Amino acid sequence: MYVSSALRRMLSGLLLCSLRVAATQELRYPPNRIAVIGAGIGGTSAAYFLRQKFGKDIHIDVFEKDNVGGRLATIEMEGNHYEAGGSVIHPLNLHMKTFVKDLGLNARTPSGDLLGIYNGDEFVFQESEWFLINIIKMIWNYGLNFLRMYMWVEDILDKFMRIYRYQTFDYSFSTTESLLHAMGGDDFISKLNMTIDEAMQKSGFTQRFIDDIVVPAMRVNYGQGVKINGFVGAVSLAGTDSGLWAVAGGNKLVCSGLLYASKAQLIQGTVTSVQEKFRSTKPGNTVKLYEIGYVTDRGPGLDLYDIVIIATPLNKNLGNIEFVGFEPPIETSSGPYQQTVATFVHGRINASFFGCSKPCQFPLSEILTTDSPKLFIRSISAVSPVNPVPESDTSKASGLRVWKIFSPDVLTDQQLRQLFESYHAVKVRNWLAYPRYSPPEKIPPIKLHRAIYYLNSIEWAASAMEMSAIAAKNVALLSYHQWYGKDEHIDQEDLADRLKSEL
Ligand SMILES: Cc1cc2nc3c(=O)[nH]c(=O)nc-3n(C[C@H](O)[C@H](O)[C@H](O)COP(=O)(O)OP(=O)(O)OC[C@H]3O[C@@H](n4cnc5c(N)ncnc54)[C@H](O)[C@@H]3O)c2cc1C
């Protein structure tokens, strides 16, 4: 008798206790407010997808400390605007394609320039205007390596494209690794853990091809050599495909368009902190929220949200946000970002710098470089404005063009005088551009806390506009499914096979 009443007391105590826990753990159904930190392509596409997923009644704030667009930005030079950050988009980047279509924007095709690859002494490869001559040169110098590279990248792209199907069917992933695994299985994961150099050597590419062709592609796209991880290396090689495009008027128009279409409210300010808070609604009921601390022109502010999406790199120099009072602490120190300086020069290129002694025909408009200590630039290419204006006959005849140079450091006057016979305008934009990759890659988590999601985790696999858009759709789906407990739409195995039969 005594035992059973004690047991009853214990049980009712337990029940009360669990009810109390249930009360303090209550979430709002549906959630009322979502905060997105960062209005680059990641943050603005997240706002767009969140609106689609959570519906018209949810309030979405997007915080931006600088310009909408982030690393999609243009630079003005003598009345024209040029892409200074993310510039080209692959023809199979379906989210970017859809955004442009849905927002009523137009695509533009950057001009197909003749390309040369310079090693500090001579051109190891120089494109000709004649298709047949190019083929002969490629085979003569590199055998079937070009063709094999094309097939290698195609195979990776085929697997990459699976993500669109998964996302159409509402599936989401709680880690960047599980997202990549769902696309390309162990092969994609292993690419994160080896260099592109190792990955290509393993697949039988010659060292000469890697040094002459692959290194320059990595240098122009990611400011790093072939020690970057195999996955981002493959993304970079896809950037050598034909059919690359950009958005007429500037890629950043996609961000302002998505923000407008999402009906989110833009708060022009810097987020400084995120802290978990408990708020009583009715007696015995407490909801868990996040309090965001921020600073605008009008002073500091605090606001409460149900869900927080972080759409900026959590790096002291980029998105310096303090996570207050979390236990265990939220790890915010991501690895370093690579500096890339974009210098725009309106002038006449000095062909003799590239070993072309006078009088010389210099038809090239894009010069990539191999890894040579002699070189202080990674690439130089003639660029067109984002709103193309026909090149005047006088500027054509005079050889005056606008050139974009990527270099690791700001160019000195002396270096500019070496590169140009003459110039009359210079503009510089210094970026912490993309992660400094170093496999095996330690990929940061997507889920930082109960309802805090980190979109830029994906950059540590590969940084690109489309990657941010994929990550944005993923966090929109993931946050929705986790909020409503729809576990069957998270981290599902064998989706490629399971969805084969679906229309
Ligand atoms: C020079 C260069 C060339 C590139 N070339 C290409 C290319 O050709 N093709 C391609 O696909 N990709 C390219 N990329 C990469 C591409 O631009 C990026 O991967 C992509 O733009 C990242 O977008 P994001 O929204 O994730 O981050 P971001 O664009 O960095 O957006 C983050 C935003 O958050 C804001 N922010 C940060 N901290 C806070 C805070 N505390 N409070 C409020 N706001 C905050 C920032 O101001 C920023 O606007 C290039 C990048 C660079 C720099």
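These questions and answers cover the ligand, one cavity and some backbone features of a predicted model.

In this predicted model, local features need pLDDT of at least 70, side-chain atom pairs count only at pLDDT 80 or more, and totals for chains, interfaces and linings use all residues. Residues are numbered from 1 along each chain as its sequence is written, and side-chain values use heavy atoms, with hydrogens and water left out.

Q: Which of the residues around the ligand come nearest?
A: A residue is near a molecule if one of its heavy atoms lies within 4 Å of it. The shell of 36 residues around the ligand divides into 16 nonpolar, 16 polar and 4 charged. Here Ala, Val, Leu, Ile, Met, Phe, Trp, Tyr, Cys and Pro count as nonpolar, Asp, Glu, Lys and Arg as charged, and the others, Gly among them, as polar. Nearest come G42, E64, R71, V88 and S463.

Q: How much of the accessible area of the ligand does the protein cover?
A: Three backbone contacts can be set out, a polar contact being a pair of N or O atoms within 3.5 Å. An oxygen atom of the ligand lies 2.8 Å from a backbone N or O atom of G42, an oxygen atom is 3.2 Å from a polar backbone atom of S87, and a nitrogen atom is 2.8 Å from a polar backbone atom of V88. Of the 1000 Å² of accessible area that the ligand has on its own (Shrake-Rupley method, 1.4 Å probe), the protein covers 93%.

Q: Which element gives the largest share of the lining of the largest cavity?
A: A cavity is a set of points on a 1 Å grid over the protein atoms alone where a 1.4 Å probe fits but cannot get out, and its lining residues have an atom within 4 Å of a point. The largest cavity holds about 40 Å³ of space, a volume being the space filled by probe spheres set on points joined across faces, edges and corners. Helices (H or I, at least four residues) and strands (E, at least two) are DSSP runs numbered from the N terminus, and helix 7 (176-192) and helix 14 (465-483) each give two or more residues to this lining. The largest share, 3 residues, comes from helix 14.

Q: Which residue just after helix 4 takes a positive phi?
A: Helix 4 runs over residues 131-142 and reaches 16 Å from its first C-alpha to its last. That is close to the 16 Å expected at 1.5 Å a residue, where the expected span is 1.5 Å times one less than the number of residues. The positive phi, about 55 degrees, belongs to G143.

Q: Where is P328 found?
A: The peptide bond from E327 to P328 is cis, with omega near 0 degrees. P328 is in the loop between strand 14 (322-324) and strand 15 (337-349).

Methods:
1 Å grid on protein atoms, 1.4 Å probe; cavity = no way out; pocket = protein on both sides within 12 Å on 5 of 7 lines; lining within 4 Å. Polar contact = N/O pair within 3.5 Å; in protein donor to acceptor, adjacent residues only side chain to side chain.
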